[in-house]
Amino acid sequence: MYHAPLTLIFILPQAWKEGNYTVAEYMSQKISDDDQRLALVTPQLRELLVVKYYQIGRSILKEPNPQEGKRIEDAVTWLQKSVALVDQLDDAAGAGIPDLKVGVPESQSRAYFLSGAYDRAEAALEELMPGIDAQTDHASSEYQELRWLRLAILKRRKAGEGVLREAYKSIIDHMEFSETNVTELATNSKSAVPTSLFIWGFSALVTAINQYSLEKALRFQDRDPGCVDRLLLSIIFHSAKEDNHARAMETLNKAFTCMSSALLDLELLWQYGERHYNAKRFPEAADWFISGTHQLFRTVSSTTTSKCFRKAALCYIEHQEYARAATVIRRCSTDEATTHYVMFLTAVHQAIKALHDMHKAAGFDRKMLLLATQISHQLEMKGVLLSVLEALLNTLRTGTGSAGEAVVEAMTLIRCIIRLALKLVSEPTANKTALVDIVVKHFRTAQALTKSACEEKSFALINKDVSWLWRAAYNCAIQGCAEWKQCEEQISELFDITRGLLEACCQASPVDLDAEVYVHLINASFSSVSGRVFLVRESSTTNGSRNEDQLRGIAAEITACKSSILEIIGQHKIVEEADITRAQYFIHTLRIFEAEFLVQLKEWDGLAKIVGEAVSSGPLAVGTYEAIADLLWADKDCPINGTYKIL
């Protein structure tokens, strides 16, 4: 009676290999679905039948794309039959049955996974995992594959952080700490959580995985020499990407503390610190530098520890936390000159802060600032002296004492501040942008005081100061054109301040001034407007759009500048032929500027007026015609009569 089932068992795989799938399925139904026939099969034949079903199911899973069509469903069907039979077998009935009771459910779970039935895939594995995790055979790649499969299923199911963490721990607990395994773990943990979930705090999972792996590796005697350093690098890289800075620093400290030695280049920690520093996240940068002072790295070199503290102190100085900077720098070795330099720098900033605080405190007396000025000058502390002079200027109030004396004293202080700031600008390590802003601010203050003095009929008191100031502003602007990068707006304002101061001199003077004054007035006016024209062009190019209010504003400035220069020429304030010719060239250039912005504003009547002006301005207007014609030709909205008039 055994011959019929036995025949079917041996014919079934052959039919499958030959592609007779229908015949193979029919034979399996004849055996499995017929309880009477199945009862006649001996345990040995049942084991053989399980193996055949198992082999067919696995052969489908090994195909290039089993997910396509219904192939994966076929694999699930064959493996389900194999599972149903293997559960009925006693482990003692055959030597290979225990392996089948692991391999068959594993293949079934993999088939469910490929078919997208993640819940069923997890259920199939859950029956196996308690027994698998109890195994002490760390070298069993088969069991590790099952653990990785469970992790893949949990990730597809978007399981919670706690469940994923336990799955990773199961892998780590049964893992050999080799370079290959550690690299695989580090790569897999990066994709453990979707990027969007990091917002909800799931990034702690990757931190926990790395930390747990490191602690396990340190206790594993037969680990590869480089795997601990590889795990430490993984922790550092992840901490650098961590949104929660405090947690990142805590992770680093915990990792460093559990180690006794490390082959880690501190340049890596400095690199992340400098990245925060360049982004102006100074407290975060300081923490990264201070992490390099951990006891783990002090055995490498004491000089690197001091260097870390100095870098951190500079970060606190930039963040204006001078007390913290002083505390940190005191932890450095005092036998290095750079340490004393940072100490000095910290003390200077603390002194400047003390001056500002003193000015705001109760019982303040200007004599204190005068004494501070004297001390700063004697010690040649230019930075402190600049702050003291600015504080003195802020104490001046025209409402106390004589208004005239206050203005004279203010002008004197402004001249000192500007002269000192310009000296600091020329130093190689100077913060030029900040110092240029200080210079422009005080020139602006001087212009406001000059205007006030003119209104109060007291210009004569500051005549010499204003004469020095307009020359200084003009020379600064000229110097800035050659030396100050990214300061175009400040340079244009300096030329405009020069123009304002010169106009005040001309209006307040009872007699005509030298022609040189008017030449400089023309040059400053033209340079100021030209600089603003270039700034507007750059802004339009960068933003890709036109600000109509800005265009109208610059057009009005050009018109006013043109009128001012024409008035000076008409009143014969300049007499040298070269100066007159240059001024006329300025006028023609201003007409082109004006035409450019009127074209952008589509103000064709105003443009026609400029063309009329150019017609009556002599032979120099040829270049003006050509430039305006180019502008009109490029603009498709220009009326035909406008272009015709130019031609």
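Partly exposed describes a residue between the two cut-offs for relative accessible area: under 20% is buried and over 50% is exposed. Keep that in mind for the exercises below, which use a predicted model.

**Exercise 1. Work out whether R415 and D465 are buried, exposed or partly exposed, and how their side chains meet.**

Step 1. Start with R415: its relative accessibility is 22%, so R415 counts as partly exposed.

Step 2. Turn to D465, which has a relative accessible area of 8% and is therefore buried.

Step 3. Now look at the two side chains, which form a salt bridge with an N to O distance of 2.8 Å. This pair connects distant parts of the chain, with R415 in helix α23 (residues 403–425) and D465 in helix α25 (residues 463–483), 50 residues apart.

**Exercise 2. Find the salt bridge partner of R532 and the network to which R532 belongs.**

Step 1. The partner is D496, and the closest N and O atoms of the two are 3.9 Å apart. Here too distant parts of the chain are linked: R532 sits in helix α27 (residues 515–543) and D496 in helix α26 (residues 488–508), 36 residues apart.

Step 2. Check the accessibility of R532: at 22%, R532 is partly exposed.

Step 3. Widen the view, and you will find a network of salt bridges that links R532 and D496 with R499, E503 and E557. In the whole structure, a search finds 14 salt bridges.

**Exercise 3. Test whether the span of helix α14 agrees with its number of residues, then find its buried side.**

Step 1. Helix α14 (residues 245–257) has 13 residues, so at 1.5 Å a residue it should span 18 Å. The end C-alpha atoms of α14 are 18 Å apart, which agrees.

Step 2. List the buried residues of α14: H245, A248, M249, T251, L252, A255 and F256. These residues lie on the same side of α14, because they cover an arc of only 155° around the axis.

Step 3. Look at the face turned away from that buried side, where α14 carries the exposed residues A246, E250 and T257.

Step 4. Finish at the start of α14, where a side-chain oxygen of N244 comes to within 3.3 Å of the backbone nitrogen of A246.

**Exercise 4. Describe the surroundings of T251.**

Step 1. Place T251 in helix α14. With a relative accessible area of 10%, T251 is buried.

Step 2. Set aside the neighbours within four places in sequence; T251 is then in contact with T207, Q211, I235 and S239.

Terms used
Residues numbered from 1 in each chain as written. Predicted model: local features only at pLDDT ≥ 70, side-chain atom pairs only at ≥ 80, totals over all residues. Heavy atoms only, no water. Helix = DSSP H or I, 4+ residues; strand = E, 2+ residues; numbered from the N terminus. Expected span 1.5 Å × (residues − 1). Buried < 20%, exposed > 50% of the residue type's maximum accessible area, 1.4 Å probe, protein only. Arc of directions from axis to C-beta. Polar contact = N/O pair within 3.5 Å; in protein donor to acceptor, adjacent residues only side chain to side chain. Contact = heavy atoms within 4.5 Å. Salt bridge = Lys/Arg side-chain N within 4 Å of Asp/Glu carboxyl O.
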